Amino acid sequence: MSFSTLRLATTASVLALIMAANAVAPAYAQDAAPAPAPAAEAPAAEALAPVSPDTVVATVGGETITEADLSFAAEDLTQELSQMPADQRRPFLLRVLIDMKVMAKAGRDAGMGDSPLFKQRLAYLEERALRRAYFADAIANAVTEEAVRAEYDKLVADFKPQEEIRASHILVATEEEAKAIKAELDSGADFATIAKEKSIDPGAANGGDLGFFGKGMMVAPFEQAAYALTEIGQVSEPVQSQFGWHIIKLEEKRESSPPTFEQVAGQLQQQLLMTTFDGTVAKLMEGVQIDIPDPALAAAVQAQTEPAAAAEEAAPAAQ
């Protein structure tokens, strides 16, 4: 079965590429120096000094291990590094590379590098490295802070303020308790004091204050009763939800504001990475013919491709 265009990377593989790029992004730029491995934290003065990728960190049987090699190993061992203290990462990577040098020489001496299967593996590893290099250089490097800020500016321009309210509540188990508390409040009792004394909600210690919330953030009966309050300081009649019986006090009203750049920068960066990735791959795939002889496998690949494409098509309509 042939496909004139086929999106080869699923969301999972995109995220894997993003993680790899974040781990050692400079290492895969064609002309960039590999980033130093995520080793033990260096003193501030040393951290500012650039480290050449050609700097030799060890010699094994006459062969050198460089800072670039540490960087490449760090990319392959990201998961292992994340599970150990920072001061152990650099020696761990170096130990792995020393073992690699020794075992690689033994395999070479045994003629293993001449087998057809090894040559196939070598070709695969070369293409994997080239894919990562292309991703870092042509895609990740295109997602600059300026590009992320431009996306943020669009988000702010499209933002539509919604009414938010700040409310406090007293939660009790029965309607009888709720009615008795409402009577106390009507007689002038302090809402926050009663909340601290009688509410079974975990937020009772701060007088039942729930902070600001918008529509859709609370269970329906509570939200309806809270938004039905019109005057600041107004207290609702007892209202039941699956959590018990609530008495709600309206504290403040305001219009929602867009999130700050810092709050959404990471999410916007990831979205831009994926959008840039998809667009780049789509251009590269133009005119490329793909044939998968096994019909079942071809159908399975197509099934993975179609949901992602459908989601992309539906996204503009949902905005």
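Hi everyone. Phe213 and Phe222 are both buried, and that pair of residues is where I'd like to begin. Before going on, please keep in mind that this is a predicted model.

So, what do these two rings do with each other? Phe213 and Phe222 form a tilted aromatic pair, with 6.2 Å from centre to centre and 55 degrees between the planes. They also have company: ring pairs join Phe213, Phe222 and Tyr227 into a cluster. Tyr227 has a charged visitor as well, since Lys215 lies over the face of Tyr227, at 5.1 Å from the ring centre.

Let's step back to the count. How many aromatic pairs does the structure hold? There are four aromatic pairs. Another one of them is Tyr152 with Phe261, and this pair is edge-to-face, at 5.6 Å centre to centre with 85 degrees between the planes. Tyr152 belongs to helix H7, residues 145-158, while Phe261 belongs to helix H11, residues 261-285, so the pair links distant parts of the chain, 109 residues apart. Are these two residues buried or exposed? Tyr152 has 14% relative accessibility and therefore counts as buried. Phe261 is buried too, with a relative accessible area of 12%. And here is a charge over a ring again: Arg149 lies over the face of Phe261, at 3.9 Å from the ring centre.

Next, the sheet. Picture an open sheet of four strands in the order S5-S4-S7-S6, with antiparallel pairing. Which strands sit at the edges? They are strand S5, residues 209-214, and strand S6, residues 239-241, and each of these pairs on one side only. On average, neighbouring strands of this sheet are turned by 45 degrees against each other, ignoring direction. As a reminder for anyone who hasn't looked at sheets lately, strands of a sheet pair through backbone hydrogen bonds, in either a parallel or an antiparallel way. Here, S4 and S5 run antiparallel and are joined by four bridges. If you'd like a spot to click on, Arg166 stands opposite Phe212 in S5.

Two helices come into contact with this sheet. H8 lies across S4 and S7, and runs at about 50 degrees to S7. Helix H9, residues 191-198, also packs on the sheet, where H9 touches S4 and S7, and its direction makes about 50 degrees with that of S4.

Now for the charges. The structure holds 17 salt bridges, and I'll walk you through a few. Let's stay with the sheet for one of them: the side chains of Arg254 and Glu164 meet in a salt bridge, 2.9 Å from N to O. Arg254 is in strand S7, residues 244-255, and Glu164 is in strand S4, residues 163-172, so this pair links distant parts of the chain, 90 residues apart. The two partners differ in their surroundings: Arg254 is partly exposed, with a relative accessible area of 42%, whereas Glu164, at 16% relative accessibility, counts as buried.

Then there is helix H8 itself. Lys179 forms a salt bridge with Glu175, and their closest N and O atoms are 3.5 Å apart. How are they placed along the helix? Lys179 and Glu175 are four residues apart in helix H8, residues 175-186, so about one helical turn separates them. Glu175 is partly exposed, with a relative accessible area of 30%.

Further along in H8, the side chains of Lys182 and Asp186 meet in a salt bridge of 2.9 Å, N to O. These two are also four residues apart, about one turn of the helix. Is each partner buried or exposed? Lys182 is buried, with a relative accessible area of 8%, but Asp186 is exposed, with a relative accessible area of 56%.

Elsewhere, Glu75, Asp76, Arg128 and Arg132 are linked in a network of salt bridges.

One last residue, and it brings us back to Lys182. Ser236 is placed in the loop between helix H10, residues 220-228, and S6. At 6% relative accessibility, Ser236 counts as buried. What does Ser236 touch? Leaving aside residues up to four places away in sequence, Ser236 touches Lys182, Leu229, Ile247 and Ile248.

That's my tour. Thanks for listening!

Note on methods:
Residues numbered from 1 in each chain as written. Predicted model: local features only at pLDDT ≥ 70, side-chain atom pairs only at ≥ 80, totals over all residues. Heavy atoms only, no water. Phe/Tyr/Trp six-rings, centres within 6.5 Å; stacked < 30°, edge-to-face > 60°. Buried < 20%, exposed > 50% of the residue type's maximum accessible area, 1.4 Å probe, protein only. Lys NZ or Arg CZ within 6 Å of the ring centre and 35° of its normal. Salt bridge = Lys/Arg side-chain N within 4 Å of Asp/Glu carboxyl O. Pairing = 2+ DSSP bridges. Axes fitted to C-alpha atoms, helices over the stretch in contact; angles between N-to-C directions. Contact = heavy atoms within 4.5 Å.
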